[in-house]
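This report considers a surface feature and a covalent link in one protein chain. Please examine the sequence and the model before reading on.

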Amino acid sequence: MKILLRIVSLLALIWLGLLLTGYGILTGSHKNVAGIGLQCQYLTARGVIKAQYLHSDSGLIGVADCPVLRKSSEVVDSNE
């Protein structure tokens, strides 16, 4: 029972951190547009967001892989 409580507490802290910072964690990605584009899905505290990147295997033009963390445009604690 203590382990379950600790896991739930840890997940709540992670969710709160994602909510306040506006970052998302990579959950999936796939190539599109004949391998030129890369679509990445990120889990944020407010839901799932998608980001499009220009893709090349070398990373010379665009990105080779999706970044693990991505800043969302919606942040709860923004001063704007």
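In this predicted model, Leu10 is located in helix α1. Residues over 50% relative accessible area are classed as exposed; Leu10 has 51% relative accessibility, and therefore counts as exposed.

Leu10 also belongs to a nonpolar patch on the surface, with an area of about 860 Å². Its other members are Ile3, Ile7, Leu11, Ile14, Tyr23, Ile25, Val68 and Leu69. Which element gives the largest share of the nonpolar patch? Helix α1 does, with five residues. At least two residues of the patch come from each of α1 (2-21) and β1 (23-32).

The second topic is the disulfide. In general terms, a disulfide is a covalent bond that links the sulfur atoms of two cysteines. The count for this model is one disulfide, and the cysteines concerned are Cys40 and Cys66. The table gives two values for this link.

| Property of the Cys40 and Cys66 link | Value |
|---|---|
| S to S distance, Cys40 to Cys66 | 1.8 Å |
| Angle about the S-S bond, Cys40 and Cys66 | -80 degrees |

With this angle, the link of Cys40 and Cys66 is left-handed. Cys40 is part of strand β2 (residues 37-44), whereas Cys66 lies in the loop between β3 (47-54) and β4 (69-71), so the pair ties together parts that are 26 residues apart in sequence. Are these two cysteines, Cys40 and Cys66, buried or exposed? Both Cys40 and Cys66 are buried, whereas Leu10 of the nonpolar patch counts as exposed.

Notes. Residues are numbered from 1 along each chain as its sequence is written. This is a predicted model: local features need pLDDT of at least 70, side-chain atom pairs count only at pLDDT 80 or more; totals for chains, interfaces and linings use all residues. Side-chain values use heavy atoms; hydrogens and water are left out. Patches are made of residues with over 30% relative accessible area and no salt bridge: like charges are joined within 9 Å, nonpolar side chains (Val, Leu, Ile, Met, Phe, Trp, Tyr) within 5 Å. Accessible areas come from the Shrake-Rupley method with a 1.4 Å probe; for residues, only the protein chains shown count as cover. A salt bridge is a side-chain nitrogen of Lys or Arg within 4 Å of a carboxyl oxygen of Asp or Glu. Helices (H or I, at least four residues) and strands (E, at least two) are DSSP runs, numbered from the N terminus. Buried means under 20% relative accessible area, exposed over 50%, partly exposed in between (1.4 Å probe, protein chains only). A disulfide is a pair of cysteine sulfur atoms within 2.5 Å.
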